[in-house]
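Colleague: I would like to learn how to read a new model, one feature at a time. Could we begin with how the strands are put together?

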Amino acid sequence: MKNLRKRLNTSKPSVRIGKAGTDNVIEEVKRQLEDNSLIKIRVLKAARSERSTGEIAKEVADATNSEIIQIVGNSFGLLRRRSSSHTR
């Protein structure tokens with residue numbers, strides 16, 4: 001887990017959630033989790049007007065069947081563990 005957090009701290013956000021909310025980015029998050037399994041997401045100020053970063057992170061994690069690794073400020077990291085039958 002510590003190694004995953006270290007990777008998140010040194011990476012740049014690959015997805016940004018803005019005023020349009022989470023509905024528009026769920027498919028992109030799913031695609032990126034398939035490709036990378038660990039991604040960092042930034043929640044822009046416009047999206048945080050009614051909900052916290054933690055609430056948004058939980059919604060995205062539930063919708064993408066992934067796990068929240070870390071929430072720091074306005075960013076959070078998601079991990080989707082690959083099944084053992086997954087082949088590339």
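Modeller: Happily! Two strands pair if DSSP finds at least two bridges between them. Helices (H or I, at least four residues) and strands (E, at least two) are themselves DSSP runs, numbered from the N terminus. With that, look at the hairpin of S3 and S4: two residues lie between the strands, and Gly 73 there takes a positive phi near 60 degrees. Before going on, a word on the source: this is a predicted model, in which local features need pLDDT of at least 70 and side-chain atom pairs count only at pLDDT 80 or more, while totals for chains, interfaces and linings use all residues. Residues are numbered from 1 along each chain as its sequence is written, and side-chain values use heavy atoms, with hydrogens and water left out.

Colleague: In which sense do S3 and S4 pair, and over how many bridges?

Modeller: The general idea is that strands of a sheet pair through backbone hydrogen bonds, either parallel or antiparallel. Here S3 and S4 pair in the antiparallel sense, over five bridges. One pair to find on screen is Ile 71 with its bridge partner in S4, Phe 76. S2 and S4 are antiparallel too, with five bridges. In that pairing Lys 40 stands opposite Gly 77, and Ile 39 has Leu 78 as its bridge partner.

Colleague: What is the order of the strands in the sheet?

Modeller: The open sheet has four strands in the order S1-S2-S4-S3, with mixed pairing. S1 and S3 stand at the edges with a single partner strand each, so one side of each has no neighbour in the sheet. From one strand to the next, the twist averages 25 degrees. H3 packs on this sheet, touching S1, S2, S3 and S4, and its direction makes about 20 degrees with that of S4. Contact here means heavy atoms within 4.5 Å. For the angles, axes are lines fitted to C-alpha atoms, for helices over the stretch in contact, and values run from 0 to 180 degrees between N-to-C directions.

Colleague: Is S4 mostly covered or exposed?

Modeller: Let me define the words: buried means under 20% relative accessible area, exposed over 50%, and partly exposed in between (1.4 Å probe, protein chains only). S4 is mostly covered, with five of its five residues buried. Ser 75, Gly 77 and Leu 79 are buried on one side, and Phe 76 and Leu 78 on the other, so both faces are covered.

Colleague: Now the helices. Which residues of H3 are buried?

Modeller: A useful idea: an α-helix has 3.6 residues a turn, so residues three or four places apart point the same way. H3 covers residues 53-64, and its 12 residues reach 16 Å from first C-alpha to last, close to the 16 Å expected at 1.5 Å a residue. That expected span is 1.5 Å times one less than the number of residues. The buried ones are Thr 53, Ile 56, Ala 57, Val 60, Ala 61 and Thr 64. Down the axis of H3 they fall within an arc of 130 degrees, so they line one face of the helix. The arc is that of the directions from the helix axis to the C-beta atoms. In H2, the buried residues Ile 26, Val 29, Gln 32 and Leu 33 fall within 125 degrees, so they also line one face. Their cover includes S1, S2, H3 and S4.

Colleague: Which element gives the most to the largest nonpolar core?

Modeller: A nonpolar core is a set of buried Ala, Val, Leu, Ile, Met, Phe, Trp, Tyr and Cys residues joined through side-chain atoms within 4.5 Å. The largest has 16 residues, and Ile 17, Val 29 and Ile 56 are among those with the most contacts inside it. S1, H2, S2, H3 and S4 each supply at least two residues, and H3 gives the most, with four. A second, separate core of five residues includes Leu 4, Leu 38, Ile 69 and Leu 79.

Colleague: Where is Asn 65 found?

Modeller: Asn 65 is in the loop between H3 and S3. Its phi is near 55 degrees, a positive value in a residue other than glycine, and at 64% relative accessibility Asn 65 counts as exposed. Ser 37, in the loop between H2 and S2, also has a positive phi, about 65 degrees, without being a glycine. Ser 37, however, is buried, at 14% relative accessible area.
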